[in-house]
Amino acid sequence: MNPLDRLHLITGKLLDSAPDAYGDLWTLTRQLYDLLFELTALDPDQDSNRQSDQFLTTGRAVGLTWAAMCIHDLMRTKKFMDGLYKAVLDKQKAAPGAPVHVLYAGTGPFATLILPLLARFTSQQVQFTFLEVNPESFHCLTELVALLGIGPYVRHFHLTDATTWQAATDEPVAILVTETMQRALKNEPQVAICLSLLPQLSPETILIPEEISLKLGLVSYQLSDQLTPAVIRPLAEVFSLTKSTVLGNAAAYRKIGIPYYFPETTFIVPPQLVDDSSQFTLLTDIVIYQDVVLGYNESGLTTAHPLKLATEDVPASLTFRYQVDKTPGLELMTTLEQRGHN
């Protein structure tokens, strides 16, 4: 079986597997990882691949090995693939006969999320533009495309920072997909990429993921077992990354530049809310596309992120603002009241 047929077999099974078929997904994601490293003859343990992070003015772009290892986050891989596939189908129905142009910002070494599309669509039906800032990952991707013989699918390769790249006005983009993030939108340039690219594209362009919501939550632990969460309670949304959020801040971002701060959100803490068994945390919810959702604890992207407060006293309020700079993330400010725990 040739390499492309082997790839089609694995990715076809990934798309067709149920989201709760964890055993199958575990096996398939590892088969995909092994195949891609076999084809490119890469060594994930090589120092140059493990130490190739790029530090940008808008966050950290992970190096080749760490980008490739995201495949092992099986629900992340499965659901992003499902969401992108569904979005392509919808765009194809909306404009029959026209190729669906997908702009993929931050491809890593394998452009993993688009691989299932190769078996389901012809190069006349779907086309790709790839943006990647890491030279090792970029060169790996160009070699993989050549090895698989899928060049007709690719309009453009760009070794570039997606936060500064300028889109061509004569090549409309149907779908923008970028998965350059950690939980709580820390450290990586997901927000900056969207702020830069979305305003250049059509209002009809689909953004994947459609929404990344950061919520303040409260984890209440069993006093007898501090390792076992008893209750995880969402309290309030403190930041949301959507097309609307991005476009509403795009003009100010262009004018102000880095650092850029989104509007603040304040949560007033009821004095009876917190006790000695509770901890404030950030929860990340991801709507990839329509009903394809990456829920709490399904992925490394949606695990709880405990907040570290400067004092043991219960704050009267918590104020958040998202900042875009070389270490992006939510900035937390507290207003204290000397009332202790209740």
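Start with the open sheet of this predicted model: five strands in the order 5-4-3-6-7, with parallel pairing. Select strand 5 (154–159) and strand 7 (206–208) to see the edges, where each strand pairs on one side only. Across the sheet, neighbouring strands are turned by 15° against each other on average, direction ignored.

Next, select strand 3 (residues 100–105) and strand 6 (residues 175–178). The two run parallel and are joined by four bridges. Within this pair, Tyr 104 has Val 177 of strand 6 opposite.

Now add helix 5 (residues 74–94). Helix 5 packs on the sheet and touches strand 3, strand 6 and strand 7. The direction of helix 5 makes about 170° with that of strand 7.

Move on to helix 8, residues 190–197. Is helix 8 mostly covered or mostly open? Eight of its eight residues are buried, so by the cut-off each has under 20% relative accessible area. Show them by name: Gln 190, Val 191, Ala 192, Ile 193, Cys 194, Leu 195, Ser 196 and Leu 197. Helix 8 lies across strand 3, strand 4 (126–132), strand 6 and strand 7, and runs at about 160° to strand 6.

Finally, bring in helix 9 (residues 243–256). Its axis and that of helix 8 come within 9 Å and cross at roughly 80°. Helix 8 and helix 9 are therefore roughly perpendicular to each other, since angles of 65 to 115 degrees count as such. To see the contact, select Ala 192, Cys 194 and Leu 195 in helix 8, which meet Val 246, Asn 249, Ala 250 and Tyr 253 in helix 9. By class, this contact of helix 8 with helix 9 has six nonpolar residues, one polar and no charged.

Key:
Residues are numbered from 1 along each chain as its sequence is written. This is a predicted model: local features need pLDDT of at least 70, side-chain atom pairs count only at pLDDT 80 or more; totals for chains, interfaces and linings use all residues. Side-chain values use heavy atoms; hydrogens and water are left out. Buried means under 20% relative accessible area, exposed over 50%, partly exposed in between (1.4 Å probe, protein chains only). Two strands pair if DSSP finds at least two bridges between them. Axes are lines fitted to C-alpha atoms, for helices over the stretch in contact, and angles run from 0 to 180 degrees between N-to-C directions. Contact means heavy atoms within 4.5 Å. Angles under 35 degrees count as roughly parallel, over 145 as roughly antiparallel, 65 to 115 as roughly perpendicular and the rest as oblique. Ala, Val, Leu, Ile, Met, Phe, Trp, Tyr, Cys and Pro count as nonpolar, Asp, Glu, Lys and Arg as charged, and the others, Gly among them, as polar.
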